[in-house]
Amino acid sequence: MFDHTLDLCRSLPAVITEKKWDNELRFYVGEKLFCMISLEPPHRVSFKCSQHQFHQLISRPGIVPAPHLARYHWVQLKQEDMLPSTELDNFLQNAYEIIVSSLPPFEQEAIHKMKAHA
C-alpha cells in the first residue's frame, strides 16, 4: 500500500516531492504542501482535508489531528492501512484539489492544461 500511495501522489499533475530531515516524503503542488508520508514503518500519512472531513476523520480510530498542522485541517493516519485504499486515494486526491484551488489563477490554469493533456 505504501508504494501505491507514493505512486498516486506522484501521478498528480505538477506534483513535486521533497525528502525532509525527519525522514518524510513531502508532496507539493504549486509550492504548497498537500501530503506527507513517513518513509519508515509504520508509514504515517498526513494530508490536508476540509473542515467537515477533519472532524469526521479524527473521530475514527488510528486517525489523529496532524502534529503542527491540525489548525489548518490536516489529519494523520497512524499507519497507512487505517483507511481502505480507495478511500485513502479519494482523500489524497481531495487534498491535492484543495491546494490547487488555493493557488493563483495562472497556476491553476497551467495545472488544468497539464491534466487535459495527460
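**Notes on the sheet, the cores and the helices**

1. Let's start in strand S4. Val45 and Phe47 point one way from S4, while Ser46 and Lys48 point the other way, and all of them are buried. Keep in mind as you look around that this is a predicted model.

2. Who sits across from these residues? On the S3 side, Cys35 stands opposite Phe47, and Met36 has Ser46 as its bridge partner. S3 and S4 pair in the antiparallel sense, with three bridges between them. If you trace the chain from S3 to S4, you go through a hairpin of six residues.

3. Now look at the pairing of S4 with S6. These two strands run antiparallel and are joined by four bridges. Lys48 of S4 finds its bridge partner, Trp74, in S6.

4. Zoom out to the sheet. Six strands make it up, in the order S1-S2-S3-S4-S6-S5, and the sheet is open, with antiparallel pairing. Which strands stand at the edges? They are S1 (15-19) and S5 (63-65); each has a single partner strand, so one side of each is left without a neighbour in the sheet. On average, neighbouring strands are turned by 25° against each other, direction ignored.

5. Two helices pack on this sheet. H1 touches S1, S2 and S3, and its direction makes about 165° with that of S3. H3 touches S1, S2, S3, S4 and S6, and its direction makes about 45° with that of S4.

6. Next, the nonpolar cores. The largest one has 30 residues, and those with the most contacts inside it are Phe27, Phe34 and Phe47. So Phe47 turns up again here, after its place opposite Cys35. Helices H1 (2-11), H2 (51-58) and H3 (85-101) each supply at least two residues of this core, as do strands S2 (24-29), S3 (32-38), S4 (45-48) and S6 (74-77). The largest share, seven residues, comes from H3. There is also a second, separate core of six residues, which includes Tyr28, Met36, Ala66 and Trp74. You have met two of these names already: Met36 as the bridge partner of Ser46, and Trp74 as that of Lys48.

7. Have a look at Thr5, which lies in helix H1. Is Thr5 buried or exposed? The cut-off for buried is under 20% relative accessible area. Thr5 has 1% relative accessibility, so Thr5 counts as buried. Leaving aside neighbours within four places in sequence, Thr5 is in contact with Ile37, Glu80, Leu88 and Leu92.

8. Last, the pair H3 and H4. H4 covers residues 105-117, and its axis and that of H3 come within 9 Å and cross at roughly 140°. Why is this pair called oblique? Angles over 145 degrees count as roughly antiparallel and 65 to 115 as roughly perpendicular; the crossing of roughly 140° fits neither range, and H3 and H4 are therefore oblique to each other. On the H3 side, the contact is made by Tyr96, Glu97, Val100 and Ser101; on the H4 side, by Gln108, Ile111 and Lys115. Sorted by class, that contact has three nonpolar, two polar and two charged residues.

Key
Residues are numbered from 1 along each chain as its sequence is written. This is a predicted model: local features need pLDDT of at least 70, side-chain atom pairs count only at pLDDT 80 or more; totals for chains, interfaces and linings use all residues. Side-chain values use heavy atoms; hydrogens and water are left out. A nonpolar core is a set of buried Ala, Val, Leu, Ile, Met, Phe, Trp, Tyr and Cys residues joined through side-chain atoms within 4.5 Å. Buried means under 20% relative accessible area, exposed over 50%, partly exposed in between (1.4 Å probe, protein chains only). Axes are lines fitted to C-alpha atoms, for helices over the stretch in contact, and angles run from 0 to 180 degrees between N-to-C directions. Angles under 35 degrees count as roughly parallel, over 145 as roughly antiparallel, 65 to 115 as roughly perpendicular and the rest as oblique. Contact means heavy atoms within 4.5 Å. Ala, Val, Leu, Ile, Met, Phe, Trp, Tyr, Cys and Pro count as nonpolar, Asp, Glu, Lys and Arg as charged, and the others, Gly among them, as polar. Two strands pair if DSSP finds at least two bridges between them.
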